[in-house]
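Biologist: Please take a close look at the sheet in this model and go through it strand by strand. I would like the pairing set out in one connected account.

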Amino acid sequence: SPRGMSLVTEHALNIGEVLRIECPLLSAVARVVVARESHNIATKFMVGIEFITVDFIRQQGSLFSSRA
């Protein structure tokens with residue numbers, strides 16, 4: 001989503017916590033809005049984040065594209 005994303009992690013995060021995310025697709029500062037324990041042993045926690053700032057490095061893709 002352009003407003004946020006979901007993450008899976010092995011670490012517990014708290015609602016309201018602010019994260020910096022750097023990856024090949026985007027650079028962002030985001031706030032944790034949902035945090036819950038996962039039922040999957042490999043991915044212990046599910047986290048929903050809302051972007052405070054975001055820069056999409058790859059502008060082309062299924063969500064964002066310069067072509068119709």
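Modeller: Two strands count as paired here if DSSP finds at least two bridges between them. By that rule, this predicted model has an open sheet of four strands, in the order β1-β4-β3-β2, with antiparallel pairing. The edges are taken by β1 (4–9) and β2 (18–22); each has a single partner strand, so one side of each is left without a neighbour in the sheet. Averaged over the sheet, neighbouring strands are turned by 40° against each other, direction ignored.

Start at the β1 edge. β1 runs antiparallel to β4, which covers residues 45–56, and six bridges join the two. One residue pair in this ladder is Thr-9 with its bridge partner Phe-45 in β4.

The next pairing in the order is that of β4 with β3. These two strands are antiparallel and share eleven bridges. Here Leu-26 has Phe-56 of β4 as its bridge partner.

At the other edge, β2 pairs with β3, which spans residues 26–37, in the antiparallel sense over five bridges. Within this pairing, Ile-21 is bridged to Ala-28 in β3. The connection from β2 to β3 is a hairpin of three residues.

For reading side chains along any of these strands, one general point helps: in a regular strand the side chains alternate between the two faces of the sheet.

Taken together, the chain of pairings goes from β1 to β4 by six bridges, from β4 to β3 by eleven, and from β3 to β2 by five.

Note on methods. Residues are numbered from 1 along each chain as its sequence is written. This is a predicted model: local features need pLDDT of at least 70, side-chain atom pairs count only at pLDDT 80 or more; totals for chains, interfaces and linings use all residues. Side-chain values use heavy atoms; hydrogens and water are left out. Axes are lines fitted to C-alpha atoms, for helices over the stretch in contact, and angles run from 0 to 180 degrees between N-to-C directions.
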